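Welcome! Here is a short briefing to read with the structure open beside you.

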Amino acid sequence: MPELPEVETVRAGIEQHVVGRTVAAAEVFNPRAVRRDLAGPDGFAAAMAGRTFLRAERRGKYLWFALDDTEALLAHLGMSGQFIVGDPDRPLSPHVRVRFTFTDGGPDLRFTDQRTFGHLWLVPLADPDDRSRVVPEPIAHIAPDPLESAFDPKAFAERLARKKTQLKRALLDQSLISGIGNIYADEALWRAKLHWARSTETLRPAEVSRLLEAVRDVLSEALKAGGTSFDALYVNVNGESGYFDRSLNAYGREGEPCGRCATPIRRDAFMNRSSYSCPTCQKAVGAVRAQVGAAR
Ligand SMILES: [Zn+2]
């Protein structure tokens, strides 16, 4: 599933290849790809014709392309969505859901999605008072991600303390901080030497700072790794097979030695998924210790 670094790689690719160009035609090959758009597939296609992609922006895992001051094309990649830019005459693969051709006759933009969880949506732009920039209305409730200029570390720390939940749950809560999925949460917690089940109200300011630094470092490094593999005409989504896999310290490494202290990495069940951590570097404290059976 694409996380922030993968989505940012796609955004950068679209910025490079598509921004500034005007849509000649939009073709919807599978109506599921525009299922949230009230205008339906034909209405969506008609509304996109003649529009110019003015900016490519991102918040967390959402991408949007401003079309003027009031509207944007919003995209969510779901599990397997990709944007691919290429020669407009190449054959259509069966997974192409929507295609945009451009008035300049140059490379087209194809939204492909094997599992059809992703979607595109023509939406109004909102400008709520507490945001430093304009975001699409349907995602106005999503908190800024840690790589955005709108992200406010002090406000994050205050809200985190009030959450009174497990630290990893808070990191995955898109209304508190966006763009962090299971993999990057585990990696950031390992780097910050914090236990995933730690109760958020017990965190000291220095620990929150350390956590935010770790989150930013992990996302930035993964972004660099994701950015290495896209060439001129391919707007890449790295997904779980990305280059960054080689840099993982905790996620998916159960039983392997911790890179800092050589203690085997431990896996705990977490919200129908897993949490990977080092039992030595990421000490469970107090109630957390009993809860996760740290004595095991
Ligand atoms: Zn360790």
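**A first look**

Cys 261 is partly exposed, with a relative accessible area of 30%; partly exposed covers the range between buried, under 20%, and exposed, over 50% (1.4 Å probe, protein chains only). The model is a predicted one, in which local features need pLDDT of at least 70 and side-chain atom pairs count only at pLDDT 80 or more, while totals for chains, interfaces and linings use all residues. Residues are numbered from 1 along each chain as its sequence is written, and side-chain values use heavy atoms, leaving out hydrogens and water.

**The zinc site**

- Four cysteines serve as the protein donors of the zinc ion: Cys 258, Cys 261, Cys 278 and Cys 281, each through SG, lying 2.2 to 2.3 Å from it.
- Donors here are N, O and S atoms within 2.8 Å of the metal (3.2 Å for Na, K and Ca); water is not among the atoms, so sites may look incomplete.
- The arrangement is tetrahedral because the 4 donor atoms subtend angles of 99 to 114° around the zinc ion; for four donors, that label requires all angles to lie between 85 and 135 degrees.
- Along the chain, the donors of the zinc ion follow the spacing C-x2-C-x16-C-x2-C.
- Distant parts of the chain are linked by a pair 20 residues apart: Cys 261 in the loop between helix 6 (205-227) and strand 10 (266-270), and Cys 281 in the loop between strand 11 (273-277) and helix 7 (287-291).
- Helices (H or I, at least four residues) and strands (E, at least two) are DSSP runs, numbered from the N terminus.
- Cys 281 is buried, with a relative accessible area of 16%.

**The sheet**

- An open sheet is formed by 5 strands in the order 2-3-4-8-9, with antiparallel pairing; two strands pair if DSSP finds at least two bridges between them.
- Its edge strands are strand 2 and strand 9 (135-136), each pairing on one side only.
- Strand 2 (residues 55-59) has 4 of its 5 residues buried.
- Strand 2 pairs with strand 3 (residues 62-66) over 5 bridges in the antiparallel sense, and Glu 57 stands opposite Trp 64 in strand 3.
- These two strands, 2 and 3, form a hairpin with 2 residues between them, where Gly 60 in the turn has a positive phi of about 55°.
- On to the next neighbour: strand 3 and strand 4 (residues 71-76) are also antiparallel, over 5 bridges, and Trp 64 stands opposite Leu 74 in strand 4.

Note on methods:
Four donors count as tetrahedral if all angles lie between 85 and 135 degrees; four count as square planar and six as octahedral if opposite donors are over 155 degrees apart and all others between 65 and 115; anything else is irregular.
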